[in-house]
Structures are given as C-alpha cells and as structure tokens.
Amino acid sequence: MNYIDKTLSKDETFIKQAKIFKLSFLDRYIAGALFFLAGVLSLIFMLAGTEPLTFDEGTVVIGMGSVAMCGAGAILLVLLLLCAIYKLIQKITKAAPDAALPSTVLGRFACTGLCAIALGLITYAAMGDTNMSYLVNMIAGIVIGLLIYFFSILRYLSIKLVLTDKRVFGKKNIWRSEAFDAPISKIDNVVIVFSFWGKMFNYATVTIKSVMGDYKIKYVKCAEEFKNLIMDMVNEK
C-alpha cells in the first residue's frame, strides 16, 4: 500500500499528487558521482599498473589513486567557489529567500570536497604508491559515492504533496517526519517562488498558507498548475 492509499480517508477523493523535480538534489548527485568516479579510476590505475605522479625530479611520488581522490575533492571545492559567487550575486540582487541558493549546498560541497582531499592525502601518507593505497581509495570512493546516491534518492522519495477534495497533505525529510495536513476550508493562499534554475526547469517552492500554519515544499514541478487547482477549490468553498 502506497503513501496516498494509507493516508486517504474513506470519504475523500484523490485529485492530484505534485511531481517533484528529479534533479532536486543535484549537489548530492555530483558529489556522489565524483567519489564513485575516483574509486573506479583508482581501480583502473591499479589494474593498468599506471606510474605514479612525480614532482621535483622524482623526490615526491604520489600514487594515482590518491591523485584521483584529491582531484575529485578539488572539483568539489571549485564548485563550492562557483556556488558561493552565485549566492553572493543573489544576495546583492536581493533575491527572495525561497529563490536563493541554500547555504546547505555550500556546506555539502565544502564537506565532501575536503573529505575527498583528506582521504587522498591520508592514503598517500600512510601507504604511498602501493596496491593497498589504490584499494582503499577504490573502496572508499565507490562506497561513499553509492551511499550519497542512496540517501539522495531516499530524500527525493520522501517528499510528498497531495491534493484531495477535502485537504492538502504531505510530508518531507527522512530522519524527522515533517507531515502536514491542511483542510481546504482552512487554506488562505498558496504562494510559489521560482529560483533562477526553477524558471529554467519549471519547478518552484510552494508555500501553503493556512490558519493552522504555513507549509513549505520545495522542488515542485508545474507548481502554478497545482496552485490553481488548490485555489479553485478554496474559492468554491
């Protein structure tokens, strides 16, 4: 039994479930892909017997597994810088809070980037250019990448926004359940805010304002259509 079937009461009729933009957590997907790629490259370099990277006429030797992992971290830090510039521009132009790039995106790029670089340097310092160094980078990269993807998909699947003939209900988040339930008769307004990327890909943040409180759901596809359905029902009441 799915979420809607479990939540619907016997005397109400399902009307529409909002679609959530599939690339909502693009920063997580990018981080996961880079970790996974670094792990796969470490395996390829080990099997191919790739020569290590050398500096200062051979006095410094770094295994290519560590280089791959540090490279993934460097790319994530470059993305962090680009996102920080974009967020600064949004702040200067006084973008609406719901349209602004979340600070958590910067935090995730910073955390994953530094972790990747730290992992690459630690394996180099502890193991040098050995098969064990390649194996550690391979296993860590693939496992971390898959875990990031797994929890990103769970997060995506956890977002629900449903309209029936009597109410709007839904939920969000994995670890702490944030469910909401707003009767149509109690809804005052529905506000949608598009970010720069939201305008390009047709998704927005939807805020349902009611006497019971405000409920905010991000990354809703075709938000204007969903808003119009709700407001038509509100006006009929």
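This passage describes salt bridges, a pocket, a surface patch and selected residues of a predicted model.

The structure holds 6 salt bridges. One of them joins R167 to E12, with the closest N and O atoms 2.6 Å apart. R167 belongs to strand β5 (residues 167-171), whereas E12 sits in the loop between α1 (3-7) and β1 (14-17), so the pair ties together parts that are 155 residues apart in sequence. Both partners fall under the 20% limit below which a residue counts as buried: the relative accessibility of R167 is 12%, and that of E12 is 7%. The pairing also belongs to a wider arrangement, in which E12, R167 and D181 are linked in a network of salt bridges.

A further salt bridge is formed by K16 and E225, whose closest N and O atoms are 3.6 Å apart. Because K16 lies in strand β1 and E225 in helix α7 (residues 223-236), this pair ties together parts that are 209 residues apart in sequence. K16 is partly exposed, at a relative accessible area of 25%. E225 is likewise classed as partly exposed, its relative accessible area being 43%.

K216 and D98 also form a salt bridge, in which the closest N and O atoms are separated by 2.9 Å. Here strand β9 provides K216 and the loop between α3 and α4 provides D98, so that parts 118 residues apart in sequence are tied together. K216 counts as partly exposed because its relative accessibility is 35%, and D98 is partly exposed with a relative accessible area of 23%.

The loop between α3 and α4 also contains K94. This residue has a positive phi of about 55° although it is not a glycine. K94 counts as exposed, since its relative accessibility is 74% and the exposed class begins over 50%. A positive phi is found as well at Y219, where the value is near 65° in a residue other than glycine. Y219 is located in strand β9. In contrast to the exposed K94, Y219 counts as buried, at 18% relative accessibility.

The largest pocket encloses about 740 Å³ of space. Its lining comprises 31 residues, of which L26, L101, V105, W197 and Y203 are the closest to the centre of the pocket. Several elements take part in this lining: α2 (26-48), α3 (64-92), α4, α6 (196-201), β8 (203-210) and β9 (213-221) each supply at least two residues. The largest share comes from α3, which contributes 5 residues to the lining of the largest pocket.

Attention may next be given to residues within the helices. Helix α4 (residues 103-127) includes A110. Leaving aside neighbours within four places in sequence, A110 is in contact with L77 and L80. The C-alpha atoms of A110 and L77 are separated by 6.1 Å, although the two residues are 33 residues apart along the chain.

N137 is found in helix α5. With a relative accessible area of 0%, N137 is buried. When neighbours within four places in sequence are left aside, the contacts of N137 are G39, S42, G65, S66, M69, L119, G120 and T123.

Helix α5 (residues 131-158) also holds F151. Unlike the buried N137, F151 counts as partly exposed, at 34% relative accessibility. F151 is a member of a nonpolar patch on the surface, together with I139, V143, L147, F150, L154 and W175. The accessible area of these patch residues together is about 720 Å².

Conventions. Residues numbered from 1 in each chain as written. Predicted model: local features only at pLDDT ≥ 70, side-chain atom pairs only at ≥ 80, totals over all residues. Heavy atoms only, no water. Helix = DSSP H or I, 4+ residues; strand = E, 2+ residues; numbered from the N terminus. Contact = heavy atoms within 4.5 Å. Patch = residues over 30% accessible without salt bridge, like charges linked within 9 Å, V, L, I, M, F, W, Y side chains within 5 Å. Areas by Shrake-Rupley, 256 points an atom, 1.4 Å probe, with all protein chains shown as cover. Salt bridge = Lys/Arg side-chain N within 4 Å of Asp/Glu carboxyl O. Buried < 20%, exposed > 50% of the residue type's maximum accessible area, 1.4 Å probe, protein only. 1 Å grid on protein atoms, 1.4 Å probe; cavity = no way out; pocket = protein on both sides within 12 Å on 5 of 7 lines; lining within 4 Å. Points joined across faces, edges and corners; volume = space filled by probe spheres on them.
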